Amino acid sequence: MRIGTIDKLDKFRAKCERQFKAQKKKIIVCLGPGCLASGSDKILDEFKSVLKKKKIKGITVETVKKTGCHGFCACGPLVVIEPEGIFYAKVKKIHVKDIIEKTLLKGEIIEKLLYTDPHKKSKKYTDYRSIPFYKYQTRISLRNLGLIDPDEITDYIAAGGYAALAKALTKMKPQKIINEVSKSGLRGRGGGGFSTGRKWATCAKVDDEPRFVICNGDEGDPGAFMDRCIMEGDPHSILEGMIICAFAVGSHDGYIYVREEYPLAVVNLQRAIEAARELGLLGENILGTGFSYDIKIIRGAGAFVCGESSALMKSVAGEIGEPRAKYIRSVVKGVYDKPTVLNNVETFATVPVIIEKGSKWFASIGTEKSAGTKAFSLAGKVRNTGLIEVPMGMTLRDIIYKIGGGIEEDRQFKAVQTGGPSGGCLPEGKIDLPVDFDTLTKAGSMMGSGGMIVMDERTCMVELARYFLDFLVSESCGKCVPCREGLHQLLILCTKITRGKASENDLDLMEKLSKVIQVGSLCGLGQSGPNPFMSTVQYFRDEYLSHITDCKCPGRSCRALITYTINDKCNGCVACISVCPEKAITGEKKKLHVIDQDKCSQCGSCEVVCKYDAIDIT
């Protein structure tokens, strides 16, 4: 079916809404990456299988709905019963029958599957909206995740999808759209934080054609998965944002660049593109307005540098993904040397809401210079890991303790890294900083794409810097010397420190070298490459000196500087003996065990399996 007019879209929307609302009861099964990895697809199949056999009045196979990431990854697999919002955590296939028979048929709550407050063990939450993890969030770019089936365009339309496109195409001139996006204060969510409206305005003014609109779905930062979840769980929101942008800047062709490691995102985006084309929302003569725009998916090969704009555009054009000097901006000469707008997934997913609700509404959220909200993938040593979206200006403390639930096992908070490997680590003294583009940059970190990794007292900041430098050296494209050779030398020096073989002169050399790399590298990835070292040495210099002068690792994680021993809490359970890969532990059952230091490789396997706190690390 092709929708040829705006009126027909409105009628179709009314039909979609009726169908959506007709399903009064819904069993929502999260098929986000975390839940999927824990077998939520099998839970979905089990619900369908049981319901098909039982034939319960008013509850059919259609009652079961798969959705994208619901957010609370630490509690997955998740099942939510709507409209009550009953939230069941860590669900297994064997729980399906109970959920149907007790909750759906009798209205009973299964206590053991409810989320429990880690600080008040007796407090259980029934409605997920009252759980602090959800309660303190404001969802705009993630608005449909956990609510709609990404494969059903009717779900997206019933949720208000493509209404902003209809408004843009029929009630707004291209310049008015650009003005609205500019007034909203929306800044690119991919890392740079450049004004989205200004980028669009510059591209629209370039006297050259064709123009291109590209979505950057190459999310390469370790610990970041926001864009992945939107591509997998709400692909139409990206398409709608891209079509609106294309109309505003005068583009008729576009690409979504998706990293190779996201195969489900490719599948769901392709289905969404085909569904939108079939309805006349994409392709020739969209909604009968005469405007045409189409989108192709380009699969990246997994190179971190291809998240950088100029390298990405080279890759789209079929060339080697290497950056170029930006004396001419890509909005003027981008892909195929033609004017190009490049925004990331989260940015495009936000645009339809701005067009629908207006720039004033969006600008009223967040801070004066960082409007709206920001999605983060909250990971590391925090209790409630998952996908979140908060208003700009919320403090790190509120994110980590109110939404994140605090540090695992009530350990002491040490630092939080924002902005991925090119970002920085902020210590406890900065925990009350408001999260926005400028404040994080001023503090020595950055917003980046939105990865947020929390660290506790047992994290070694030197080893952390070494880990990220190793990642950056592996991912450097090698085009420019400062990045290729400079980061490599930084890694060598940092490794010396973690092995207790460095001097303070090495630390001075690292700081000087970092400044050269920052100034001399060709692209943003090289320029920000020293950030993991620079931010950790700024806030944790004592830790570096401890490695150098005392050959001690305060975080007790640098293998060359630590020793594992067994204390008298050992009851001889032999668990450590069974896991030691070096056969370094000996002892009889129910007697104190001993570690042979000459054989021990400091892998930590013994500490992981010991249930009696009998392993000392010094």
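Is Asp294 buried, partly exposed or exposed? Select Asp294 and take a look: this residue is partly exposed, with a relative accessible area of 26%. Keep in mind as you go that this is a predicted model.

**Stop 1: Asp294 and its partner**

With Asp294 still selected, add Arg277. Their side chains meet in a salt bridge, 3.0 Å from N to O. Now colour the elements they sit in: Asp294 belongs to strand S9 (residues 294–300), while Arg277 belongs to helix H12 (residues 263–278). The two residues are 17 apart along the chain, and the pair links distant parts of it. Arg277 is also partly exposed, at 32% relative accessible area. The general idea is simple: side chains of opposite charge can pair when their charged atoms come close.

**Stop 2: Glu511 and Arg541**

Next, select Glu511 and Arg541. Here is another salt bridge, at 3.2 Å from N to O. Glu511 is in helix H20 (residues 504–520) and Arg541 is in helix H23 (residues 541–550), so look for the link between those two helices; the residues are 30 apart and the pair joins distant parts of the chain. Arg541 counts as partly exposed because its relative accessibility, 30%, falls between the cut-offs for buried and exposed.

**Stop 3: Lys66, Asp151 and a network**

Now go to Asp151 and Lys66. They form a salt bridge whose closest N and O atoms are 3.0 Å apart. This pair spans 85 residues: Lys66 is in strand S2 (residues 64–67), and Asp151 is in the loop between helix H5 (132–135) and helix H6 (153–158). Both ends are partly exposed, with Asp151 at 25% relative accessible area and Lys66 at 23%.

Keep those two on screen and add Asp149 and Arg271. Salt bridges that share partners join Lys66, Asp149, Asp151 and Arg271 into one network. Over the whole structure, the count comes to 33 salt bridges.

**Stop 4: a nonpolar patch on the surface**

Switch to a surface view and select Tyr327, Ile328 and Val332. Together they form a nonpolar patch, with about 300 Å² of accessible area. Click on Tyr327 and you will be in the loop between helix H13 (309–316) and strand S10 (340–344). Why is Tyr327 called exposed? Its relative accessible area is 71%, and the word applies because that is over 50%.

**Stop 5: the largest cavity**

Time to go inside. The structure holds 3 cavities of 30 Å³ or more, and the largest has a volume of about 120 Å³. To find it, select Ser476, Cys477, Cys483, Leu525 and Gly526, the closest to its centre among the 17 residues that line it. Then show helix H18 (461–475), helix H19 (481–498) and helix H21 (524–527), the elements that each give two or more residues to the lining. H19 has the largest share, with 3 residues. Try colouring the lining by class: 11 residues are nonpolar, 3 are polar and 3 are charged.

**Stop 6: the second largest cavity**

For the last stop, select Cys580, Cys600, Cys603, Gly604 and Cys606. Of the 14 residues lining the second largest cavity, these lie nearest its centre. This cavity has a volume of about 80 Å³. Colour by class again, and the lining divides into 9 nonpolar, 4 polar and 1 charged residues.

Technical notes
Residues are numbered from 1 along each chain as its sequence is written. This is a predicted model: local features need pLDDT of at least 70, side-chain atom pairs count only at pLDDT 80 or more; totals for chains, interfaces and linings use all residues. Side-chain values use heavy atoms; hydrogens and water are left out. Patches are made of residues with over 30% relative accessible area and no salt bridge: like charges are joined within 9 Å, nonpolar side chains (Val, Leu, Ile, Met, Phe, Trp, Tyr) within 5 Å. Accessible areas come from the Shrake-Rupley method with a 1.4 Å probe; for residues, only the protein chains shown count as cover. A salt bridge is a side-chain nitrogen of Lys or Arg within 4 Å of a carboxyl oxygen of Asp or Glu. Helices (H or I, at least four residues) and strands (E, at least two) are DSSP runs, numbered from the N terminus. Buried means under 20% relative accessible area, exposed over 50%, partly exposed in between (1.4 Å probe, protein chains only). On a 1 Å grid over the protein atoms alone, a cavity is a set of points where a 1.4 Å probe fits but cannot get out, and a pocket is an open set with protein on both sides within 12 Å along at least five of seven lines; lining residues have an atom within 4 Å of a point. Grid points are joined across faces, edges and corners, and a volume is the space filled by probe spheres set on the points. Ala, Val, Leu, Ile, Met, Phe, Trp, Tyr, Cys and Pro count as nonpolar, Asp, Glu, Lys and Arg as charged, and the others, Gly among them, as polar.
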